[in-house]
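Subject: Structure handover

Hello,

Please find the structure below. My notes on helix packing and nonpolar cores follow it.

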Amino acid sequence: MIPHSPDVARFSWGALRGYPARTLLMLTAMAIGVAAVVVLTSLGEGARRYVTGEFASLGTNLVIVLPGRSETAGLNPTTLMGETPRDLTLDDALALTRSYNVRRIAPINVGSADVSWQSRSRESVILGASHELLDIRHWKIAQGRFLPNTDLDRATPVAVIGSTIRNELFGAKPALGEWIRIGDRRFRVIGIMGSEGRSIGVDVQETVIIPVAAAQQLFNTTSLFRILVEARSRDAIQPVKRFVIQTLQERHQGIKDVTVVTQDAVLATFDRILGALTYAVGGIAAISLAVAGILIMNVMLVAVSQRTAEIGLLKALGASPRQIIVLILAEALLLSLLGALLGLLLGEAGSLVIRHAFPVLPAQAPIWAIVTALLVAIITGLLFSLLPARRAAQLDPVLALSRR
Amino acid sequence: MIELSHIHRNFQVGDQTVHALDDVTLTIKSGDYVSIMGPSGSGKSTLLNLLGLLDQPSSGIYRLNGKDVTALSDIEQARVRNREIGFVFQMFHLVPRLSAAENVELPLILAGLPPEQRRPRVAEALEELHLTDRSHHKPDQLSGGQRQRVAIARATVTRPNVLLADEPTGNLDHTSGQDVVRILEDLNQRGLTLIMVTHDPEMGSRARRQLHMLDGRLDAELAGQAPDTPRHDTP
């Protein structure tokens with residue numbers, strides 16, 4: 001015979017209120033456990049979203065060609081001018097368009113130079129690029145237009161500038177159509193980059209983009225920093241990679257002197273890292289919940305011995321062992337539930353703080369983590385209360401009542 | 001009707017066996033008024049616990065209203081305790097966080113009665129013991145006599161056949177003790193079997209049947225005078 005559930009709930013609630021210190025202790029333990037899960041998974045999820053976001057802005061189905069074998073590949077702009085076995089040239093880039101699997105390419109050149117307008121001047125990263133880069137990188141133009149769609153070797157004197165550059169050079173004045181000076185050459189501003197342009201390593205807002213041929217003249221070089229090749233589909237990535245290696249080897253007198261990186265490989269690496277991160281987060285969260293569970297067991301054991309006389313009395317009044325177990329478990333359930341909800345609030349507040357402190361990191365606990373945390377909290381609460389509940393049910397009422 | 005035949009209850013203390021109850025055979029008719037007296041350690045509390053199904057005999061048979069209750073399962077014994085037996089303790093054993101009314105309500109909750117059936121019965125039980133104006137007081141706001149009256153209300157709210165009282169006046173001053181005994185005797189007059197353990201000869205001698213225990217055996221039995229009708233004494 002089980003008493004009505006509202007009665008059980010009311011009795012358990014009364015018992016919890018009757019021992020506020022104990023109740024508070026257990027609520028805190030549970031809340032911290034659940035909050036840890038929420039905050040940690042929201043951090044992990046934030047990191048994952050951040051990285052996938054970065055990759056999306058880098059482009060999709062990309063094959064990146066760097067001059068030199070991987071050991072000698074210069075990865076930062078200052079090593080650009082350094083010697084590599086053989087330069088990548090614009091002709092190399094053009095040769096790469098001759099495959100059905102290649103949707104579009106973008107040769108890139110990077111350097112730095114002084115950019116000035118009237119009396120204002122600053123040093124800036126200069127990106128030599130082509131019309132295609134905008135779509136490959138999924139960038140957006142805020143004002144004006146991007147580089148014109150002309151032959152790659154046309155050094156049209158036009159520039160697209162980032163919004164930071166625009167603000168620093170022009171302030172509140174209109175920038176479109178103005179002539180700026182880059183190094184010893186003059187370029188007309190035809191566009192301003194939108195806020196989308198943020199990707200690994202390069203902040204487009206601090207960059208000036210000019211046609212690749214103009215950049216080669218500016219820096220007095222025929223080489224390219226790298227070539228971005230976009231494959232038609234995910235399945236085309238490997239054929240494109242083989243095609244690129246083969247084409248460039250033929251063009252470079254049979255020497256394999258380029259490095260080809262697929263975005264897949266990079267993504268796979270990040271996947272592994274993020275996977276490990278998720279496991280670590282899960283493990284830490286599990287430990288904190290287990291600690292909460294063990295604390296609940298201890299405190300429930302104390303609760304049972306604290307209330308020995310009461311349990312003995314309930315038995316004398318006709319409570320069956322089952323009813324005693326139900327009452328103790330109901331108490332644990334109530335505690336776990338309240339603690340978990342409290343932890344949920346705490347955790348959500350925590351991820352809110354993180355989102356405010358680091359706006360780049362979209363820290364938000366995924367639904368599955370919240371549901372799992374709640375379930376695990378309730379299950380541990382119940383599981384770890386089974387032992388104390390059984391002990392209470394088996395109490396000898398005579399002994400229990402004779403104790404003061 | 002309570003029938004005990006050849007009841008033994010042994011405790012193991014170290015390597016010694018203590019015979020708390022040694023071959024007790026006893027029949028108590030329904031509606032009887034029995035006092036159990038004897039020095040401490042004589043087994044009178046063990047006998048009471050056994051009668052209340054809080055303890056199990058090592059051997060022997062206990063029949064309650066013709067039914068062998070020692071053979072019942074835990075759950076069935078709990079039900080018998082709930083429905084047919086009421087307890088009154090020396091220490092009152094009220095749940096401190098619950099009000100008087102909630103303490104009285106407990107056995108009905110354990111019986112699984114819905115709230116709308118519980119409320120009138122709780123009110124009635126409190127009314128009968130003149131506790132209606134105290135029903136929302138916590139035990140620590142009540143005097144000793146009032147606490148024991150709440151305990152009696154709790155013991156009788158399920159309308160049991162048997163009321164077991166273990167030193168019900170042991171923690172009370174003389175006046176409230178007298179008061180409590182009169183209430184118990186009044187309940188007995190209305191048909192409730194009253195079995196009371198006491199070491200106070202004055203209390204014990206009021207019972208119709210007086211059992212004396214010594215070393216776990218029923219030592220002597222006296223038939224007392226009929227108890228005073230409580231209403232005569234009340235001013």
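Contact here means heavy atoms within 4.5 Å. Helices are DSSP runs of H or I of at least four residues, numbered from the N terminus. This is a predicted model, in which local features need pLDDT of at least 70 and side-chain atom pairs count only at pLDDT 80 or more, while totals for chains, interfaces and linings use all residues. Residues are numbered from 1 along each chain as its sequence is written, chains are lettered from A and ligands numbered from 1 in the order in which they are written, and side-chain values use heavy atoms, without hydrogens and water.

Between the chains, A:Asp7, A:Arg10 and A:Phe11 of H1(A) meet B:Glu102, B:Glu105, B:Leu106 and B:Ile109 of H3(B). By class, that contact has three nonpolar, no polar and four charged residues (nonpolar: Ala, Val, Leu, Ile, Met, Phe, Trp, Tyr, Cys and Pro; charged: Asp, Glu, Lys and Arg; polar: the others, Gly among them).

The largest nonpolar core (buried Ala, Val, Leu, Ile, Met, Phe, Trp, Tyr and Cys residues joined through side-chain atoms within 4.5 Å; buried is under 20% relative accessible area with a 1.4 Å probe, protein chains only) has 74 residues. H10(A), residues 321-357, gives the most to this core, with nine residues. B:Leu47 is among the residues with the most contacts inside the core. Leaving aside neighbours within four places in sequence, B:Leu47 touches B:Leu4, B:Leu21, B:Val24, B:Leu26, B:Ile36 and B:Met213. Another core, apart from this one, has 34 residues, including B:Leu108 and B:Val150.

Regards

How values were computed. Helix = DSSP H or I, 4+ residues; strand = E, 2+ residues; numbered from the N terminus. Buried < 20%, exposed > 50% of the residue type's maximum accessible area, 1.4 Å probe, protein only.
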